[in-house]
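Please look over the sequence and the model shown here before reading on. The paragraphs that follow lead from the records and confidence scores to individual strands, loops and residues.

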Amino acid sequence: ALHVHHDIASLSPYVPGKPIEELQRELGLSRVVKLASNENPLGPSPKALAALAGAETTLHRYPDGGAYRLRQAIADRWKVAMDQVILGNGSDEILGLLARAFLAPGDEAVMADCTFVIYKMEVTAAHGKPVVVPLKEWTHDLEAMAAAVTPRTRLLFVCNPNNPTGTMVSAEAVRRLMASVPEDVIVVFDEAYFEYVRDPHFPDALDYVKRGRNAIVLRTFSKIYGLAGLRIGYGMTTPEINGYLNRVRPPFNANTLAQRAALAALGDDEHVARSRAVNAAGMEHIENGLRALAFDPVPSEANFLYFDVRRDGRQVFDALLREGIIVRHIEGPMLRVTVGQPEENSAFLHALKKVVA
Ligand code: PMP
C-alpha cells in the first residue's frame, strides 16, 4: 500500500474545466462564452505577442534561470532592488514557495474563509495549519485576522482585492494590521487584480516591503496583461525573504517565452489602459443588468462580480452552462462572473434572465 500523509490525502484535486471546443460539441452550441477565470477578454498584450516572434529558435536552450532582464524591469518599475524580485510559474507558484520555505509542520497561516483557494491548499500541502477567519461584509476582517495570530503564525494572507468577492481592504485598515501583527509574521499581499483597482484608498503595500517589514507583494501577468496561458507572476519582498524563497525555487520556473512576453507586456501601458477602461464599462453594464434582475452584486475593485442568486447556485450555474455561459459557482447561492467584452456581458445577462425567470 502507498504511504501518504493525511495532509495530502485530505486535499481535493483542483477540478479543471472542460476544453471549450469539447463543451461546445457536447452542448451542441456554436459559441460558448467563458467568464469563469478572471481572464482579460481583450486577449494578450499585443506588444507581448510581438516579442514572442523569433523566440522559437532559442527553445533548445534552458531559460535564463535568473530572469535578469525581466527582474530588472520589474525592479525599475516599482523602485525596488533586483534582489527583492522573484518570478513564479504564475503567482500561484510563489504561494507554494512561501509555504515550503516558511512553514514547518504545525505552523499556522492566517487567511480569510472565503478567499483564493490556493492558500489553504499550499499551506496544507506544506503540513501547515490554515487558520481561517470569517469575512465581514464580504471583506477581509483584518482586526479579527490580527487577533488570530499566535506564536505559531508564520504567514498571514491578505488577498487585495479579494477573489472571489472583489472587495478591498483600505490603507487605514492595513496600517492598523501592520501595527498590531508581530514583526516576524510574513504578511502576504496578493495583488493579482492590482491594475484594475480604482478606489484611491487602496493601500501601498509595497511601501511596507520598502521599509523592511516582513511582507511580500504578489502580482501577475495573468490578468490585465492577458498572459494567463504563459504562467508568469512575480513577488516583491525583502532581500532576506527572497533569499529563502530562492532556496526552494526550481531554477527554471519562469520559461523563456513567458519571460520575453512579460517583459514586453510590462511596457504596454496602452493595453493596460484599454483593459481597465473596457473592464470599468463592462462592470457597470453587468451591475446594472444584475440590479434590473433584482440581484445585488457586491461592489468590486477587480475584473469580476460576486452576487447572490438567492436559490441553489449550482443549479443556476448548470443552467447557464446549458446556455453556453460559463461562470463560477463559489458556494451556496453565490456566483462569480468575470467582466467580458460588451457582447459577452450581454449574452450572460440575457441567459441569466432566462434561467431565473
Ligand atoms: N491570486 C489570486 C487572488 C488569483 O485570483 C489568482 C488567479 N486566479 C492568482 C493569485 C494566481 O494567478 P497566476 O498563478 O495566474 O499568476
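At which residues does UniProt place the feature "domain: Aminotransferase class I/classII large"? The unreviewed entry places this feature at residues 31–352; UniProt positions are given in the numbering used here, feature names are shortened, and annotations may be inferred rather than shown by experiment. Over residues 31–352 the chain is 39% helix and 17% strand, and its end C-alpha atoms lie 16 Å apart. Helices (H or I, at least four residues) and strands (E, at least two) are DSSP runs, numbered from the N terminus.

Residues are numbered from 1 along each chain as its sequence is written. This is a predicted model, in which local features need pLDDT of at least 70 and side-chain atom pairs count only at pLDDT 80 or more, while totals for chains, interfaces and linings use all residues. The pLDDT, which is the predictor's confidence in each residue from 0 to 100, averages 97 over the protein, and 100% of the residues score at least 70. The model scores ipTM 0.99 and pTM 0.97. Among the elements of the protein, helix 2 (residues 20–27) has the lowest mean pLDDT, 92, and strand 6 (residues 186–190) has the highest, 99.

These two elements also make a useful pair for looking at burial. A residue is buried if 20 or more other C-beta atoms lie within 10 Å of its own, exposed if 12 or fewer, and partly exposed in between, with C-beta atoms placed from the backbone. In helix 2 the count of buried residues among its eight residues is zero, and the helix is followed by Gly28, whose phi is positive, near 65°. In strand 6, five of its five residues are buried, with Ile186, Val188 and Asp190 on one side and Val187 and Phe189 on the other. In a regular strand the side chains alternate between the two faces of the sheet.

Strand 6 is joined by five bridges to strand 5 (residues 153–159), and the two run parallel; two strands pair if DSSP finds at least two bridges between them. Within this pairing, Leu156 has Val187 of strand 6 as its bridge partner. An antiparallel example is strand 9 (residues 304–308), which five bridges join to strand 12 (residues 334–338), with Met334 of strand 12 as the bridge partner of Asp308. Strand 9 is largely enclosed by the rest of the structure, because four of its five residues are buried.

Which residue is covered by the annotation "modified residue: N6-(pyridoxal phosphate)lysine"? In the unreviewed UniProt entry this annotation covers Lys223, a residue in the loop between strand 7 (215–220) and strand 8 (233–237). Lys223 counts as buried because it has 27 C-beta neighbours inside 10 Å. Two residues are in contact if their C-beta atoms, placed from the backbone, lie within 7 Å; leaving aside its neighbours within four places in sequence, Lys223 is in contact with Asn38, Asn40, Ala192, Tyr193 and Asn303.

One of these contacts, Asn38, lies in the loop between strand 1 (33–34) and helix 3 (46–52). Asn38 has a positive phi of about 55° although it is not a glycine, and with 22 C-beta neighbours inside 10 Å it counts as buried. Lys79, in the loop between helix 4 (68–78) and strand 2 (85–88), likewise has a positive phi, of about 60°, although it is not a glycine. Lys79, however, is exposed, with 9 other C-beta atoms within 10 Å.

Two further backbone features belong to the loop between strand 5 and helix 8 (171–180), where Pro161 and Pro164 are found. The peptide bond from Asn160 to Pro161 is cis, with omega near -5°, and the bond from Asn163 to Pro164 is cis as well, with omega near 15°. Most residues other than glycine have a negative phi, and most peptide bonds are trans.

Finally, Arg219 is in strand 7 and counts as buried, with 24 C-beta neighbours inside 10 Å. Leaving aside its neighbours within four places in sequence, Arg219 is in contact with Ser91, Glu191, Ala192, Phe194, Gly233 and Tyr234. Arg219 and Gly90 are 129 residues apart in sequence, yet their C-alpha atoms are 9.1 Å apart in space.
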